Amino acid sequence: MAINQIAKIGLSSLQVIYYFESLFSWPSRIEYIFKLHQLHQYFEQVICRDDVEHGKPNPEGFILCARRLGVAPSDCLIFEDSISGILAANRSGAKCIGIGMSEIPEGESITVYAVYEDYTKMPAMFK
């Protein structure tokens with residue numbers, strides 16, 4: 001699946017906000033990927049590592065994004081592909097969907113709404 005197709009998943013009738021999965025990437029890398037795949041039109045906010053002091057599993061990035069969007073973190077749905085990202089989503093108060101995870105490691109106290117092998121396996125409501 002092309003990255004521009006992945007971005008479009010967030011443009012569902014549920015108005016789910018999906019933002020660049022490399023939340024803590026360098027601005028130049030994000031800009032390169034956005035230009036390459038023509039993604040600017042799909043995102044209201046982009047948070048990069050320069051915007052936060054602490055990376056995942058600290059929820060700072062997700063809380064900042066919610067604030068910039070003018071919504072409560074509890075009204076956000078985050079798609080995450082890492083345990084540290086899910087922990088950050090949980091700690092922010094947002095709901096989270098795990099992507100690319102076959103199982104959650106034992107001993108981790110995390111909550112996910114659902115887990116999907118990849119974005120193509122998600123229900124039609126997200127497409």
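Where is the place of Gln38? The legends below take up that question and then walk through the rest of this predicted model.

**Figure 1. Gln38 sits in the loop between α2 and α3.** This close-up answers the opening question: the loop between α2 and α3 is where Gln38 is found. Its backbone deserves a look, as phi of Gln38 is near 50°, a positive value in a residue other than glycine. The relative accessible area of Gln38 is 60%, so this residue is exposed.

**Figure 2. The whole chain combines four helices with three strands.** Starting at the N terminus, the elements follow the order α-α-α-β-α-β-β. Of the 127 residues in the protein, 40% are buried. Among contacts with a separation of 6 or more, 41% are made by residues 24 or more positions apart. The protein exposes about 7,300 Å², and carbon and sulfur atoms supply 48% of that area.

**Figure 3. Three strands line up as an open parallel sheet.** The strand order is β1-β2-β3. β1 and β3 (114–116) stand at the edges with a single partner strand each, so one side of each has no neighbour in the sheet. On average, neighbouring strands of this sheet are turned by 20° against each other, direction ignored. As for cover, four of the five residues of β2 are buried, which leaves this strand mostly covered.

**Figure 4. Four bridges join β1 to β2.** β2 spans residues 95–99, and the two strands run parallel. Two of the pairings can be picked out by residue. Ile78 stands opposite Cys96 in β2, and Glu80 has Gly98 in β2 as its bridge partner. The two strands also belong to a right-handed β-α-β unit, in which helix α4 (residues 83–92) is the helical part.

**Figure 5. β2 and β3 pair over three bridges.** Here too the pairing is in the parallel sense. Gly98 is a handy residue to follow from the previous view: it is the bridge partner of Glu80, and it stands opposite Val115 in β3.

**Figure 6. Glu80 and Lys56 form a salt bridge.** The count for the model comes to three salt bridges, and this view shows one of them. The closest N and O atoms of Glu80 and Lys56 are 2.6 Å apart. Glu80 lies in strand β1 (residues 77–80) and Lys56 in the loop between α2 and α3, so the pair ties together parts that are 24 residues apart in sequence. Is Glu80 buried or exposed? With a relative accessible area of 3%, Glu80 is buried. Lys56, at 21% relative accessibility, counts as partly exposed, because buried requires a value under 20%.

**Figure 7. The peptide bond from Lys56 to Pro57 is cis.** Omega for this bond is near 15°. Pro57 is found in the loop between α2 and α3. Lys56, on the other side of the bond, is also the salt-bridge partner of Glu80.

**Figure 8. Arg68 and Asp51 meet through their side chains in a salt bridge.** The N to O distance is 3.6 Å. This pair links distant parts of the chain, 17 residues apart: Arg68 belongs to helix α3 (residues 60–69), while Asp51 is in the loop between α2 and α3. Arg68 has a relative accessible area of 38% and is partly exposed. Asp51 counts as partly exposed as well, at 30% relative accessibility.

**Figure 9. Glu31 and Lys35 make a salt bridge within helix α2.** What separates the two residues along the helix? They are four residues apart in helix α2 (residues 27–37), and therefore about one helical turn lies between them. Their side chains meet at 4.0 Å, N to O. Side chains of opposite charge can pair when their charged atoms come close. Glu31 is partly exposed at 33% relative accessibility, whereas Lys35 is exposed, with a relative accessible area of 58%.

Note on methods: Residues numbered from 1 in each chain as written. Predicted model: local features only at pLDDT ≥ 70, side-chain atom pairs only at ≥ 80, totals over all residues. Heavy atoms only, no water. Buried < 20%, exposed > 50% of the residue type's maximum accessible area, 1.4 Å probe, protein only. Pairing = 2+ DSSP bridges. Axes fitted to C-alpha atoms, helices over the stretch in contact; angles between N-to-C directions. Right-handed = clockwise from strand over helix to strand, strands pointing away. Contact = heavy atoms within 4.5 Å. Areas by Shrake-Rupley, 256 points an atom, 1.4 Å probe, with all protein chains shown as cover.
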